[in-house]
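User: I should like to request a careful reading of one part of the model shown below, set against the chain as a whole.
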Amino acid sequence: MNLTAEEELLYKTMKFYADKKGYKLNTDTDILEKVIKGMQKIKESKGAYYCPCRLVTGNEEVDKKIICPCDYHEKEIEENGHCHCYLFFDK
């Protein structure tokens, strides 16, 4: 993957989280790179690592639910084997 230093740190953070929770990151490196880069761009423009597949509303109370790892990822992984943005997968 071709990641900047900031993106590499985000990747390592998400990898640590996935390992801790018993998940794995997407093994398709093209998709994984796009998700990481998308999250970094959102962080730079919106101030937090919001899930790149969800819309930021501007309502802080609503939007805190979509900061990655979002409030929905565990149920999505349980039901679908992966989260909505294809970052985390069930092992």
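What does the accessible surface of the protein chain come to, and what percentage of it belongs to carbon and sulfur atoms? Thereafter, please look closely at the loop between α4 and β2, where Tyr86 lies.

Analyst: This is a predicted model, in which local features need pLDDT of at least 70 and side-chain atom pairs count only at pLDDT 80 or more, while totals for chains, interfaces and linings use all residues. Residues are numbered from 1 along each chain as its sequence is written, and side-chain values use heavy atoms, with hydrogens and water left out.

The accessible surface of the protein chain comes to about 5900 Å², and 49% of that area belongs to carbon and sulfur atoms. Such areas are computed by the Shrake-Rupley method with a 1.4 Å probe, and for residues only the protein chains shown count as cover. Buried residues (under 20% relative accessible area; exposed is over 50%, partly exposed in between; 1.4 Å probe, protein chains only) account for 37% of the 91 residues.

Before turning to the loop, the overall fold gives its setting. The protein chain has four helices and two strands, following the order α-β-α-α-α-β from the N terminus; helices (H or I, at least four residues) and strands (E, at least two) are DSSP runs numbered from that end. The radius of gyration is 12 Å, close to the 12 Å of the globule rule for 91 residues, so the chain is as compact as a globular protein of that length. Here the radius is taken over C-alpha atoms, and the rule is 2.2 Å times the number of residues to the power 0.38. Along its principal axes, the C-alpha trace spans about 35 × 30 × 20 Å. Among contacts (heavy atoms within 4.5 Å) between residues at least 6 apart in sequence, 48% join residues at least 24 apart.

Within the loop between α4 (73–80) and β2 (88–90), Tyr86 has a positive phi of about 65° although it is not a glycine. Most residues other than glycine have a negative phi, and most peptide bonds are trans. With a relative accessibility of 40%, Tyr86 counts as partly exposed.

The loop between α4 and β2 also holds His82, which is buried because its relative accessible area is 17%. Leaving aside neighbours within four places in sequence, His82 is in contact with Glu76, Ile77, Phe88 and Phe89. The C-alpha atoms of His82 and Lys24 are separated by 9.3 Å, although these residues lie 58 apart along the chain.

One of the contacts of His82, Phe88, leads to the largest nonpolar core. This core has 19 residues, of which Met14, Leu25, Ile36, Met39, Leu87 and Phe88 touch the most other members. A nonpolar core is a set of buried Ala, Val, Leu, Ile, Met, Phe, Trp, Tyr and Cys residues joined through side-chain atoms within 4.5 Å. Two or more residues each come from α1 (5–21), β1 (23–25) and α2 (29–46), and the largest share, five residues, comes from α1. Ile36 touches Leu3, Glu7, Leu10, Tyr11, Met14 and Leu87, not counting residues up to four places away in sequence.

Other positions complete the picture. Helix α1 also contains Phe16, which counts as exposed because its relative accessibility is 58%. Phe16 and Cys83 are 67 residues apart in sequence and 16 Å apart in space, C-alpha to C-alpha. In helix α2, Lys43 is partly exposed, with a relative accessible area of 31%. Lys43 touches Ala48 and Tyr49, not counting residues up to four places away in sequence. Gly58 occupies the loop between α2 and α3 and, at 66% relative accessibility, counts as exposed; its C-alpha atom is separated by 34 Å from that of Lys91.

On the other side of α4, the loop between α3 (60–63) and α4 holds Pro69. A cis peptide bond with omega of about -5° joins Cys68 and Pro69.
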